[in-house]
Amino acid sequence: MATGGKIRKLGKETRRQNEEERLEQEHFFRVISAFRHYRTHSMQRLDKAEKCFHQLPPYQQKLLPNHTAHLAELRTCVDQNYDFLLNIIKMTDNMFENKDYTGNGDVCSDNTCCQKHRSSESTLPLPREFDMDKVKTTLKQFVRDWSAEGKVERDACYKPIIDEIQQRFPADQWCEGLNSITLHPWIHQFCNNRSSGDQTRPVAIPDIDPHSLPQVGNFSMTAGDFLEVYTEQETWDCVATCYFIDTAHNIVSYVETIHNILKPGGYWINLGPLLYHFADITSEASIELSYEDLRSVIQEFGFEILKEDTKRPTMYIQNTKSMLQYEYDCVYFVARKPLEVANNHTNHSQDV
């Protein structure tokens, strides 16, 4: 009976792992599909704009002599963005167990947008409008994180965090900039443009050369669920979260995980709003706390709040030329895990 029970347990675990792998691949397919469909989706939007223009009375069309040329320029910008996106995903065709999921069997060997990749859209599931919005946001994220134009946003969000880390953990080396890629992130914004040129204006990235990182630097990136990836107890001297903690299904679990992975005396530096990502998705669980309640939870886990600013103005992937501007009043805080954790906080995972 014990052996049979163990086999059933192993079988259940295998099915769980298989289901997780299936869901991960399904999500991966949607992401790749959205990137591959970027050109088709964008051109359909421009086709609509051109059709609407030609439906205007001839005398009204004559009042807009540059409109057709502007739409043609937008199409050129779409192609340039698309070449960049294909370059990002060109090595992902065999990501899972060296299997080809595009139906092509190979990938481009250079930066040329080959016909195979343009036609491979048909072998992938159709993306949702939500997925396509994510691709457009990705282009803007490159501007925010890797361009001179995004420096104002970065300085407002990252600089206080970086300054705090440098103060706690001093360092003396930095990178040098090198612009080598051109994107057109604002071409999908058809409203609130002061000029046609504002819509098509290029942005160069990166303004910092990643190759100039010091050889002794220890830098890595991990993809996955934060709660599942970072599980080693008392490993990190500092955890910095920027526009991140509101991505949680359960923000209390985020606080707990950060507390667990920090070494005693370690620092948690946070900046961002509380725009809970799953709040309006009926099929997803979501715990939405006010900052007042979140602050109480943070302190219940034993954190000491050393610095706090509850009205730190910042922007997020903002088009600085747009007639419409959004700004967050973010919360910025520095918290420290105590050197000795009180007994009533050591077993929070059993109570939360």
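The following dialogue examines how several descriptions of this predicted model are justified.

Biologist: What makes residues 98–120 a region to treat with caution?

Modeller: Over residues 98–120 pLDDT stays under 50, on a scale of confidence that runs from 0 to 100. Where pLDDT is low, predicted coordinates should not be read in detail. The model has 44 contacts beyond four places in sequence for residues 98–120. Residues 344–352 also stay under 50, with 13 such contacts. For the chain, the average pLDDT is 83, and 82% of the residues score at least 70.

Biologist: What elements does the chain contain, and how many of its residues are buried, as a percentage?

Modeller: The chain has 12 helices and six strands. Buried residues make up 36% of its 352 residues. About 21400 Å² is exposed, and carbon and sulfur atoms supply 53% of that area.

Biologist: Why is His37 called buried?

Modeller: Its relative accessible area is 8%, and the cut-off for buried is under 20%; therefore His37 counts as buried. His37 lies in the loop between α1 and α2. The C-alpha atoms of His37 and Pro127 are 7.6 Å apart in space, although the two are 90 residues apart in sequence.

Biologist: How do you know that the length of α2 agrees with its number of residues?

Modeller: At 1.5 Å a residue, the 17 residues of α2 should span 24 Å, and its end C-alpha atoms are 25 Å apart, so the two values agree. The buried residues of α2 include Tyr38, His41 and Phe53.

Biologist: How do you know that the span of α4 agrees as well?

Modeller: The 23 residues of α4 should span 33 Å at 1.5 Å a residue, and the end C-alpha atoms are 33 Å apart, so the expected span is met. Among the buried residues of α4 are His70, Val78, Tyr82 and Leu85.

Biologist: What makes the largest nonpolar core a core, and which residues touch the most other members?

Modeller: A nonpolar core requires buried residues of nonpolar type, joined through side-chain atoms within 4.5 Å. The largest such set has 24 residues, and Tyr38 and Leu85 touch the most other members. Helices α1, α2, α4 and α6 each supply at least two residues of this core, and α4 gives the largest share, nine residues. Tyr38 touches Leu85, Met132, Leu139 and Ile187, among others, when residues up to four places away in sequence are not counted. Apart from this core lies another, of 23 residues, among them Phe226, Tyr276, Leu294 and Val297. In soluble globular proteins, nonpolar side chains tend to be buried together.

Biologist: Lys90 carries a different side chain type; why is Lys90 called buried?

Modeller: Lys90 has a relative accessible area of 17%, and buried means under 20%, so Lys90 qualifies. Lys90 is found in the loop between α4 and α5.

Biologist: What makes the pair of Lys90 and Asn87 a polar contact?

Modeller: Their side chains are 3.3 Å apart in this contact, and the limit for such a pair of N or O atoms is 3.5 Å; therefore the distance criterion is satisfied.

Biologist: Why is α10 described as largely enclosed by the rest of the structure?

Modeller: Of the 11 residues of α10, 10 are buried, so the helix is largely enclosed. The buried residues include Ile251, Tyr254, Glu256 and His259. At the N-terminal end of α10, Asn250 acts as a cap, with a side-chain oxygen 3.0 Å from the backbone nitrogen of Val252.

Biologist: Why is Glu288 called partly exposed?

Modeller: Its relative accessible area is 41%, and partly exposed covers values between the 20% and 50% cut-offs, so the term applies to Glu288. Glu288 is found in the loop between β4 and α11. A polar contact of 2.5 Å joins its side chain to that of Ser286. Beyond four places in sequence, Glu288 is in contact with Tyr276 and Ala279.

Biologist: What is notable about the backbone at Asn192 and at Pro206?

Modeller: Asn192 has a positive phi, near 60°, and is a residue other than glycine. The peptide bond from Ile205 to Pro206 is cis, with omega near -10°. Pro206 lies in the loop between β2 and α9.

Notes: Residues are numbered from 1 along each chain as its sequence is written. This is a predicted model: local features need pLDDT of at least 70, side-chain atom pairs count only at pLDDT 80 or more; totals for chains, interfaces and linings use all residues. Side-chain values use heavy atoms; hydrogens and water are left out. Helices (H or I, at least four residues) and strands (E, at least two) are DSSP runs, numbered from the N terminus. Buried means under 20% relative accessible area, exposed over 50%, partly exposed in between (1.4 Å probe, protein chains only). A polar contact is a pair of N or O atoms within 3.5 Å; within protein, one must be able to donate a hydrogen and the other to accept it, and residues adjacent in sequence count only if both atoms are side-chain atoms. The expected span of a helix is 1.5 Å times one less than its number of residues. pLDDT is the predictor's confidence in each residue, from 0 to 100. Contact means heavy atoms within 4.5 Å. Accessible areas come from the Shrake-Rupley method with a 1.4 Å probe; for residues, only the protein chains shown count as cover.
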